[in-house]
Amino acid sequence: MDIASLRNAHFEHWRLAAAIRTLTLDAVAAANSGHSGMPMGMADVATVLFDKHLKFDPKAPFWPDRDRFILSAGHGSMLLYSLLYLTGYPDMTLEQIRDFRRWGSRTPGHPEVHHTAGVETTTGPLGQGLANSVGFAIAEEALRARFGAKVMDHHTYVIAGDGCLMEGVSQEAIALAGKQQLSRLIVLFDDNGITIDGKVSIADATDQGARFAASGWHVQAIDGHDPAAIDAALTAAKADPRPSMIACRTHIALGSSAQDTSKGHGALTDAKLIADTREVYGWENGPFDIPADIKARWEQMGQRGAQARAEWEERLAALPSARQAEFKRVAEGLPPRRLAGAIRDVKKAAAAESKAVATRKSSEIVLEAVNAVMPETLGGSADLTGSNNTKTKDLGIFEPGNRKGRYIHYGIREHGMAAAMNGIALHGGLFPYGGTFLCFADYARPSVRLSALMGARVVYVFTHDSIGLGEDGPTHQPVEHLAMLRATPNLRVFRPADTVETAEAWELALTEPGPSVLALSRQNLAPVRREHTNRNLSAQGAYVLADATGKRQVVLMATGSEVEIAMAAREQLEAQGIGTRVVSMPSMELFAAQDEKVRRRVLPPGTVRVAIEAGVRQPWDRWLLGNGGREAKSAFVGMDSFGASAPAEVLYEQFGITAANVARVAQSLL
């Protein structure tokens with residue numbers, strides 16, 4: 001690599017890019033930790049992007065019509081942090097750069113949304129940022145169709161590396177983007193040929209350009225260190241009606257002795273290596289010292305966006321007042337005023353009708369009401385629409401010919417669907433929900449975890465939630481999945497018992513921050529809430545559904561399809577003079593958040609406690625043994641193995657999840 005010629009041919013550009021490279025070297029050395037090579041290799045691409053193409057304003061980092069820049073190769077976070085500092089984001093000071101990877105800094109080891117202004121999504125698990133970007137691009141298309149190009153008209157740019165493209169979620173993402181013809185999505189592939197273990201060729205022989213082209217993308221290949229070529233490729237990408245991938249051939253750890261080696265992927269901290277590299281760059285300033293003219297030139301890039309934002313604000317102000325108000329409402333994520341009434345009407349009708357239905361059908365009933373009053377919902381399913389009941393009438397299909405459609409056929413791509421929904425939610429202005437079977441939460445798990453980590457407002461509609469799905473057998477019957485999801489911090493898991501509880505779960509999912517899971521039954525469930533109340537009882541997480549008629553001796557706890565079993569067991573116990581309370585627990589997370597006094601009122605000490613759920617015991621011990629519970633006076637009726645293939649009623653009988661067995665277990669503990 002003839003760096004002297006490159007520097008001389010594009011001197012101003014070289015100095016701008018060198019500022020990124022030297023800040024990266026300095027920050028990683030100070031932290032003695034990090035990834036130097038990718039920021040050093042992609043500095044030229046990032047410089048051209050920010051200088052000539054990206055629409056952004058550091059003084060308004062959450063401006064709705066900004067271009068989105070996503071660093072999918074999140075290990076190279078110093079590339080992004082350097083850009084934020086250099087262009088003048090107020091929160092990204094030089095002190096923050098010095099504190100890279102230190103406690104309390106805004107410069108953690110991988111970019112984290114809501115932690116650092118200018119970071120659009122949390123990246124680090126490779127492929128996630130690329131997959132999120134599909135959701136960002138979907139959101140831009142949908143909002144442009146609804147509000148017009150004067151209000152919504154921007155691009156999503158992504159830097160992705162070899163690792164992002166090797167992860168399986170990338171194929172789900174690029175196939176979905178190609179099918180949807182997301183022309184505002186541009187991926188800049190850091191084609192450096194190096195991974196941690198060595199050359200990419202030791203593990204992969206994929207022609208990435210051909211792969212993207214086969215999925216319907218516009219593909220270019222350029223020298224990633226030639227600013228003129230980078231500029232021309234970005235211009236061509238924006239003009240093409242397809243999503244674009246630009247393969248940028250780069251040198252990892254450019255200019256250092258670790259260039260083009262696996263060592264260059266990691267932390268370059270050797271003092272001599274850093275000194276030698278600075279000399280190669282022609283960089284005479286000391287650590288963390290950016291020449292004033294270079295800093296000023298970078299800040300000019302940031303200042304350029306102020307005019308574009310001001311013009312956008314004028315266009316927004318020119319809209320009719322009602323349309324302005326609606327745009328601001330959805331941009332701020334506020335629920336519509338009519339939502340509470342719509343939920344109340346569903347609850348009233350369900351209590352009055354008292355009809356046995358599967359909670360997946362209950363969810364559809366709720367969504368019919370919600371989607372009619374909440375135009376920002378964007379539904380979908382991973383090829384299980386008829387099973388998940390996620391599509392309601394008049395939504396229309398979101399596709400290239402109908403960007404006003406509000407339902408996405410994600411295909412058999414659970415992971416890609418979940419990642420795209422994260423992107424839709426983080427973009428703002430829309431509320432995504434998507435369905436699959438609860439068992440296939442395994443396929444979506446990495447993106448579900450990131451939903452929780454990022455606090456993304458996403459609803460996962462996971463149906464076929466137990467052995468109650470029947471004949472499909474143990475491959476499809478989730479037994480450990482509720483425990484896995486409940487173990488995830490910041491994730492609300494709802495397992496409603498009937499239509500009323502399902503309506504309450506949806507209301508909480510739509511109005512509270514963060515992601516939610518609705519675990520819904522395939523089989524019909526008897527209604528357990530037969531009297532209407534405006535109060536959302538599920539908001540407490542657990543509540544007394546039916547109390548003992550005499551002295552309280554037993555408390556039965558259950559969720560979902562097992563609540564009706566608990567109610568039947570109560571009848572048997574009460575008939576024998578054993579006072580029995582039934583507690584419905586639609587959300588353990590919400591119940592755990594209650595004051596201890598509230599929890600003790602629902603689960604008083606000194607009684608026998610039996611938990612009933614067609615899943616594993618693990619998450620129940622807190623409620624069986626805590627708040628005055630005792631091992632000798634508690635039991636669990638549920639699963640301790642995988643399921644089997646048989647009709648649902650046979651499975652419940654064979655695995656002992658019956659009212660008679662619950663009553664017998666409770667009696668044995670008295």
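**Close-up views of a predicted model**

**View 1. Helix α21 against the strands.** In this predicted model, helix α21, which spans residues 563-575, lies across β14, β15, β16 and β17 (608-612). Relative to β16, helix α21 runs at about 170 degrees, an angle that counts as roughly antiparallel because it is over 145 degrees.

**View 2. The open sheet and its edges.** The sheet is open and is formed by 5 strands in the order β14-β16-β15-β17-β18, with mixed pairing. At its edges stand β14 (543-546) and β18 (634-637), each of which has a single partner strand, so that one side of each is left without a neighbour in the sheet. From one strand to the next, the twist averages 30 degrees.

**View 3. The parallel pair β15 and β16.** Strand β15 (residues 552-558) and strand β16 (residues 579-584) run parallel and are joined by 6 bridges. Val554 has Thr580 in β16 as its bridge partner.

**View 4. The packing of helices α8 and α17.** Helix α8 (residues 169-180) packs with helix α17 (residues 414-427) at an angle of about 70 degrees, and their axes are 8 Å apart. The two helices, α8 and α17, are therefore roughly perpendicular to each other, and α8 passes α17 in a right-handed crossing. On the α8 side, the residues that meet α17 are Val169, Glu172 and Leu176, while α17 contributes Glu414, His415, Gly416 and Ala420. Sorted by class, this contact of α8 with α17 has 3 nonpolar, 2 polar and 2 charged residues.

Notes:
Residues are numbered from 1 along each chain as its sequence is written. This is a predicted model: local features need pLDDT of at least 70, side-chain atom pairs count only at pLDDT 80 or more; totals for chains, interfaces and linings use all residues. Side-chain values use heavy atoms; hydrogens and water are left out. Axes are lines fitted to C-alpha atoms, for helices over the stretch in contact, and angles run from 0 to 180 degrees between N-to-C directions. Helices (H or I, at least four residues) and strands (E, at least two) are DSSP runs, numbered from the N terminus. Angles under 35 degrees count as roughly parallel, over 145 as roughly antiparallel, 65 to 115 as roughly perpendicular and the rest as oblique. A crossing is left-handed if the near helix is turned anticlockwise from the far one by less than a right angle, and right-handed if clockwise. Contact means heavy atoms within 4.5 Å. Ala, Val, Leu, Ile, Met, Phe, Trp, Tyr, Cys and Pro count as nonpolar, Asp, Glu, Lys and Arg as charged, and the others, Gly among them, as polar. Two strands pair if DSSP finds at least two bridges between them.
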